[in-house]
Amino acid sequence: MTALNRVPSLMVRAGTASALTLAAVGGSIVAPGLASEAAAATPGSKALKVAASKKGSPYKWGAVGPHRFDCSGLTLYSYKKAGKKLPRTAAQQYNKTKHISTGNRKAGDLVFFHSGSNVYHVGIYAGKGKIWHAPKTGDVVRLQKIWTKSVWYGRVS
């Protein structure tokens with residue numbers, strides 16, 4: 001049976017039904033050309049979900065999870081769970097990503113904080129100018145607004 005043939009029985013019997021009605025009875029709407037959520041999930045979107053699931057985990061320098069993280073440990077762990085391999089440090093991760101402009105950034109891309117040419121911190125872009133990251137000793141994994149313009153973006157391929 002193709003995706004187009006999977007029309008909820010309620011819709012067939014009633015002729016038409018609203019999306020809210022279908023949702024209330026457990027139905028679904030299949031639109032030609034639209035991928036399912038699972039098929040559309042990218043490594044970046046998967047990594048973003050993993051990072052968000054670690055909210056509140058304590059920062060520990062050198063830690064790569066699953067219960068404690070430093071900044072690059074969180075990105076390494078999140079992308080590993082999404083099926084992608086990253087090197088250990090923020091600078092090494094920057095060198096392994098496809099560099100992209102601010103205008104082309106997407107949720108799930110890596111955000112690299114730099115001073116001159118020195119990359120010193122990394123997080124996962126969550127959209128709306130925010131990142132998931134492991135900030136520093138004494139802090140926890142959290143969602144935070146990007147606080148500086150001294151950032152570069154990289155996409156894991």
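**Exercise 1.** In this predicted model, determine which strands helix H4 lies across and at what angle it runs to S3.

*Solution.* Helix H4 comprises residues 43–53 and lies across strand S3 (118–127) and S4. Relative to S3, helix H4 runs at about 95°. Helix H5 (residues 71–81) may be treated in the same manner: it lies across strand S2 (110–115), S3 and S4. The angle of H5 to S3 is about 45°.

**Exercise 2.** Identify the buried residues of H4 and establish how they are distributed around the helix axis.

*Solution.* Begin with the criterion: a residue is buried if its relative accessible area is under 20%, and exposed if that value is over 50%. In H4, the buried residues are Gly-44, Ala-47, Leu-48, Val-50 and Ala-51. Viewed down the axis of H4, these residues fall within an arc of 165°, and therefore they line one face of the helix. The general background is that an α-helix has 3.6 residues a turn, so residues three or four places apart point the same way. Next, consider the face turned away from the buried side of H4, which carries the exposed residues Lys-49 and Ser-53. Finally, the packing partners of the buried residues of H4 are H5, S3 and S4.

**Exercise 3.** Derive the strand order of the sheet and state which strands stand at its edges.

*Solution.* The sheet is open, has 6 strands and follows the order S1-S6-S2-S3-S4-S5, with antiparallel pairing. Strand S1 (98–100) and strand S5 (142–145) each have a single partner strand and stand at the edges, so one side of each is left without a neighbour in the sheet. On average, and with direction ignored, neighbouring strands of this sheet are turned by 45° against each other.

The pairing of S4 with S5 serves as a detailed case. Strand S4 covers residues 130–133 and is joined to S5 by 4 bridges, the two strands running antiparallel. Within this pair, Lys-130 has Lys-145 in S5 as its bridge partner.

**Exercise 4.** Describe the order of secondary-structure elements along the protein chain, and give its overall burial and contact values.

*Solution.* The protein chain contains 6 helices and 6 strands. Read from the N terminus, the elements run α-α-α-α-α-α-β-β-β-β-β-β. Of the 157 residues of the protein chain, 36% count as buried. For contacts between residues at least 6 apart in sequence, 49% join residues at least 24 apart. The accessible surface of the protein chain is about 9500 Å², and 55% of this belongs to carbon and sulfur atoms.

Methods: Residues numbered from 1 in each chain as written. Predicted model: local features only at pLDDT ≥ 70, side-chain atom pairs only at ≥ 80, totals over all residues. Heavy atoms only, no water. Pairing = 2+ DSSP bridges. Axes fitted to C-alpha atoms, helices over the stretch in contact; angles between N-to-C directions. Contact = heavy atoms within 4.5 Å. Buried < 20%, exposed > 50% of the residue type's maximum accessible area, 1.4 Å probe, protein only. Areas by Shrake-Rupley, 256 points an atom, 1.4 Å probe, with all protein chains shown as cover. Arc of directions from axis to C-beta.
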